[in-house]
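Please go through the points below with the model open. They are grouped by region.

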Amino acid sequence: MRIAVLCTDLGIKIPGDKGASLHLAAISQAFATAGHDVLLLGVAGHGAPPAGLEHLLLPHPGRSSGLRRELRKARFVANMPAAAGPALDAFRPDVVYERLSLFGTAGKRLAERAGVPHVVEINALLAREEQQWRGLRLGAFARQRERVTLDHAMLRVAVSAEIAAQVDEVAPGGRTVVVANGVDLDLFADLPDRESTRRDLGLSADTCAAVFVGALRPWHGLDVAIRALSGAPPHVRLLVAGDGPVATELRLLADGLGVSDRVAWLGHVPHDAVPGVLAAADIAVAPYPDSSTFSFSPLKLYEYLAAGTPVVASAIGQIPEVLAGGRFGTLVAPGDPRALAAAFLRFTLDPAPARRVAATARRYAFEHFGWQRRAEEIVDHIIAAGAARNREVPHAMAN
């Protein structure tokens, strides 16, 4: 199959260290590894794009804010079909696979140009997410464009059941499937030496290191982990591998609670260094807050499992399913520092069971959570959706 992979989100650059950039590159490479020809269309980052893929990566148009930012995004989407059209014509795709972006109708237009099906991957309903977390002046326009894109797609691939339900609510009647996120198995195949990485991070032998990996954003719940330190044993230390807009706020919280000396702010950690941080850790945390809108398929969770690090995570959304109801990690009440502190205490009193669970979870992750397996699932769904559409068209003509 010849797959044109498209993303017009200006915040998702190729290459890039953001989770979304890693995801986009990983699924594109996984399609190629599975034997498909891939053309990657998107926004250029700094450095070389993924090896082995045809690509057309357009320069970023520059930063702005407020209404200017939204108009800039809309213009980029509007210009993409003309910019990418010649490359698409030469590639002659069988399908256009687009990551849903704000104002993102470029995939629909490129698919129509090529006369092929349009498949949309949804990691979040962007009009809703932008409105909730950043404010959106062109909200009505964004929702209308999103609805058009979802309505006309042959297939909608949602990364969680929660997002699938939202998609079917916003654009009922389409074909929606769930394919969760995955992990780069090559990156985690050979883990760095635990003792040397602990020394590099300044961790003593008696320190219990709980690590959080990811962007510091309000919906990731790192404040819950910081609050949990107050009730955790004194030798539990929190490693924060990431940076983001609430970093200052979180540092002030740690200062105010008197636990700043127990938090190590590692800042942004390059993706290829994440296995080392996880190898050094005793516990990996995903302390999401309680939220009625939680719909993530957290990349960090799959990486925690692949690293063989004992996981403590909030029992919310897709997480209990990924952790097999607690068989592959410890589930705690979302947004509850006391529950998280109690999990830390249980681990320090008897770490052996959690480590055995983590070893089992690592094996399972390598069998089931790799990106190539996810790519194969998506291709199977595309083939099934195409067959279903072909059956429906003659039936409609007969009527």
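Contact, as used here, means heavy atoms within 4.5 Å. This is a predicted model, in which local features need pLDDT of at least 70 and side-chain atom pairs count only at pLDDT 80 or more, while totals for chains, interfaces and linings use all residues. Residues are numbered from 1 along each chain as its sequence is written, and side-chain values use heavy atoms, with hydrogens and water left out.

1. Leucine 305 and the main core. Neighbours within four places in sequence aside, leucine 305 is in contact with Val311, Val322, Leu323, Phe328, Ala361, Arg362, Ala365 and Phe369. Leu305 is also among the residues with the most contacts inside the largest nonpolar core, which has 68 residues. The others listed with it are Leu222, Leu238, Leu278, Val285, Leu340 and Phe344. A nonpolar core is a set of buried Ala, Val, Leu, Ile, Met, Phe, Trp, Tyr and Cys residues joined through side-chain atoms within 4.5 Å. Buried means under 20% relative accessible area, exposed means over 50%, and partly exposed is in between (1.4 Å probe, protein chains only).

2. The other core. Another core, of 37 residues, lies apart from the largest one; Leu58, Ala84, Ala142 and Ile163 are among its members.

3. Aromatic pairs. Rings of Phe, Tyr and Trp (its six-membered ring) pair if their centres lie within 6.5 Å; planes under 30 degrees apart count as stacked, over 60 as edge-to-face and the rest as tilted. The count by this rule is eight aromatic pairs. One of them joins tyrosine 302 and phenylalanine 369 edge-to-face, at 5.0 Å centre to centre and with 80° between the planes. Tyrosine 302 is in helix α12 (residues 299-307), and phenylalanine 369 is in the loop between α15 (352-368) and α16 (371-398), so the pair links distant parts of the chain, 67 residues apart. Helices (H or I, at least four residues) and strands (E, at least two) are DSSP runs, numbered from the N terminus. Both tyrosine 302 and phenylalanine 369 are buried. Ring pairs link these two with Phe328 and Tyr364 into a cluster.

4. The six-stranded sheet. Which order do the strands of the open sheet follow? The order is β11-β10-β9-β12-β13-β14, with parallel pairing. Two strands pair if DSSP finds at least two bridges between them. The edge strands, β11 (263-267) and β14 (330-332), each pair on one side only. From one strand to the next the twist averages 25°, with axes being lines fitted to C-alpha atoms (for helices over the stretch in contact) and angles running from 0 to 180 degrees between N-to-C directions.

5. Pairings within that sheet. Strand β9 (residues 208-213) and β10 pair in the parallel sense over six bridges, and valine 213 stands opposite alanine 241 in β10. Strand β10 (residues 236-241) is mostly covered, with five of its six residues buried. Strands β12 (residues 283-286) and β13 (residues 311-314) run parallel and are joined by three bridges; alanine 284 has valine 311 in β13 as its bridge partner.

6. Leucine 24 and valine 43. Leucine 24 is placed in helix α1 (residues 19-33) and counts as buried because its relative accessibility is 4%. Leaving aside neighbours within four places in sequence, its contacts are Val5, Cys7, Ile12, Ile14 and Leu40. Valine 43 is found in strand β3 (residues 37-44) and is buried, with a relative accessible area of 0%. With the same neighbours left aside, the contacts of valine 43 include Cys7, Ile12, Ile14, Leu58 and Phe76.

7. Backbone points to check. Most residues other than glycine have a negative phi, and most peptide bonds are trans. The bond from isoleucine 14 to proline 15 is cis, with omega near -5°; proline 15 lies in the loop between β2 (13-14) and α1. Arginine 92 has a positive phi near 55° and is in the loop between α2 (66-91) and β5 (95-99). Phenylalanine 103 has a positive phi of about 65° and is in the loop between β5 and α3 (106-114). Is each of these two residues buried or exposed? Arginine 92 is exposed, with a relative accessible area of 65%, whereas phenylalanine 103 is buried, at 3%.
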